[in-house]
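Subject: Structure handover

Hello,

Here is the structure for you to look over. Please open it alongside this note.

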Amino acid sequence: MFKEGALNANIVGKSAFVIADMAGVKVPESTKVLMAEITDYNIATEKFAREKLSPVLAFYKYADFEEAIVGAKRLIKDGGYGHTSSLYINTVTEAEDFAHYQDKMRTCRIVINSPSAFGGIGDVYNFKLAPSLTLGCGTWGGNSVSENVGVKHLLNIKTVAIRRENMLWLRLPEKVYFKKGCLPVALKELKEVMNKKKVFVVTDNFLFNNGYVKPVINALYDMGIESQVFFDVPPDPTLSCAKKGAELMKSFAPDAIIAVGGGSAMDAAKIMWVLYEHPEVEFADMAMRFSDIRKRIYTFPKMGEKAYFIAVPTSSGTGSEVTPFAVITDDATGIKYPLADYELLPNMAIVETDMMMSAPKGLTAASGIDALIHSLEAYVSVMASDYTDGLALQAIKMIFEYLPRCYNDGQTDFVAREKMANAATMAGIAFANAFLGVCHSLAHKLGAFHHIPHGIANALVIEDVIRFNASETPTKMGTFPQYDHPKTLRKYAEIAEALGLKGKTDEEKLESLIKAVADLKEKVGIKRTIAEYNVTEENFLKSLDDMCMQAFDDQCTGANPRYPLISELKQIYENAFYGTFGKNIQ
């Protein structure tokens, strides 16, 4: 640990397992922290009393709280006044001890019931604690400041940060219309309520040539509204396609936009909408990463000032008609821009069953499983709420009941189609607010590298993702103020209970849920492994490391309840390729 009286720099950043091995101590590779009980406070004689900058901790035992206070004060004195102290306590029933601790600690940050390393940084577990990576220690520690520079920092200011949950939200289009036959009725608002004059319709070539857009065009014509159709959207929307559509919009000057199609058409239309209303925007700015959508560096431009946006889905899966997301690829550089901002929410969604009746079995299966996984991931997300849970759980129940019917008799079973349409949109609202997780991170890269349809790619990894997320002792846990301990096993058990699955314990219910998901996939013709989708072992292994790195860096990973290691993502991929589901998933 220490060399020549100073900390050994070779241990900094190393895992507990590596440090133990360096010391000749054998511990399991999964060991998170090395701990030792000590009694001596003198940092000259007891090196474990010093700062160690590693997952190695020392601890002391005390007879009572007052004795612990004396010990803590001594540690702060020897370790350095002004930095950070931490306490786990019931702030209501032990209010007197809580106040006593605040009074006695000569530190600038007093972190309560929160991980002290992250908690001291600020704005993670308490949004009123100003974020800082310098962690100044005030004049107690010989510093001039304890956070950002200002006159107040000439004083020794204590900040007591009790863990607080920030405001949550539920955001969706102002109008969502559904029920078979609702399309022409909902579109009447364009004339009768909004007095729109020109509508620009965005779709793809297949839908246009097969008459899917006719009901929309006919309804507009009957109302005397002028329309123009753009039908050159490719399956993977590109920036050049969006720019072409935006140029046509500019010359046509519509006051409403209608996107008709699956996720591709709706994503392309959203980007055209942005370029039409704000041609000055830079995609690199809009695609800037964030850990919390409320705390973005870049402010998204205000949308809807030129055109009202309507989304009409033709499949039951993407949920794009009610989400603030759009993905576009810069075909000049190959860079894929995932955009996320509530300004991208459509103003109106029209969920018309008649637009989905002729969907083939393959699309029905892939989009239906995608909707199921939207619900599953939203339900266990670190950002899940009572509002999103209700929508996600009901969507899950509906999908399990109606997806097999839709797959087998979808072109005649109006009830099943309508239920699946509603379930997909409900799932969309849920994940638009709770976000997704590593199943989608893995699926995004599997699709990008091996051209497996998105819904299928999700289906191939979901079983091990469920098992991975359900760990009560995860290697790392997702970070969000309201997510204070692993909850996923219980939440998966709640899903199993809602589905009427068997199990006496939560662990048994988890296994029942995994089996039920596998059975549902089989019922709708989804194969078990990546290899069965014409991916060779050579190509899979060649791409594996890059897929893992990119999946780890995917925007969806941040809301997952268990924060993954790259090695853990690799195991999930390998299991999905070789069919060794459950292997080394702990």
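Below is what was found, from the overall fold down to some salt bridges.

Please keep in mind that this is a predicted model.

Overall fold

The protein chain has 19 helices and 15 strands. It runs to 586 residues, and a compact globule of that length would have a radius of gyration near 25 Å. The protein chain comes out at 27 Å, which agrees. Along the principal axes, its C-alpha atoms fill a box of roughly 85 × 55 × 50 Å.

Buried residues account for 51% of the 586. I also looked at contacts between residues at least 6 apart in sequence: 72% of these join residues at least 24 apart.

Surface and charge

About 27000 Å² of the protein chain is exposed. Carbon and sulfur atoms supply 54% of that area. On the charge side, there are 63 positive and 71 negative side chains. The centres of the two sets lie 1 Å apart.

Salt bridges

The whole structure contains 21 salt bridges. Three of them are described here.

Start with Lys445 and Asp554. Their side chains meet at 3.1 Å, N to O. This pair links distant parts of the chain, 109 residues apart. Lys445 sits in helix 14 (residues 438–450). Asp554 is in the loop between helix 18 (537–552) and helix 19 (566–578). Are the two residues buried or exposed? Both Lys445 and Asp554 are buried.

Next, Arg490 and Asp506. Their closest N and O atoms are 2.8 Å apart. Arg490 lies in helix 16 (residues 488–498) and Asp506 in helix 17 (residues 506–523), so this salt bridge ties together parts that are 16 residues apart in sequence. Arg490 is partly exposed, at 32% relative accessible area.

Then Lys509 and Glu497. Here the closest N and O atoms are 2.7 Å apart. Lys509 belongs to helix 17 and Glu497 to helix 16, so the pair ties together parts 12 residues apart in sequence. Lys509 is buried, with a relative accessible area of 13%. Glu497 is partly exposed, at 38%.

Which residues are linked in a network of salt bridges? They are Arg490, Glu497, Asp506 and Lys509. In that network, Arg490 and Glu497 come from helix 16, while Asp506 and Lys509 come from helix 17.

Best wishes

Methods. Residues are numbered from 1 along each chain as its sequence is written. This is a predicted model: local features need pLDDT of at least 70, side-chain atom pairs count only at pLDDT 80 or more; totals for chains, interfaces and linings use all residues. Side-chain values use heavy atoms; hydrogens and water are left out. Helices (H or I, at least four residues) and strands (E, at least two) are DSSP runs, numbered from the N terminus. The radius of gyration is taken over C-alpha atoms; the globule rule is 2.2 Å times the number of residues to the power 0.38. Buried means under 20% relative accessible area, exposed over 50%, partly exposed in between (1.4 Å probe, protein chains only). Contact means heavy atoms within 4.5 Å. Accessible areas come from the Shrake-Rupley method with a 1.4 Å probe; for residues, only the protein chains shown count as cover. Lys and Arg count as positive and Asp and Glu as negative; His and the chain ends are not counted. The place of a charge is taken as NZ of Lys, CZ of Arg, CG of Asp or CD of Glu. A salt bridge is a side-chain nitrogen of Lys or Arg within 4 Å of a carboxyl oxygen of Asp or Glu.
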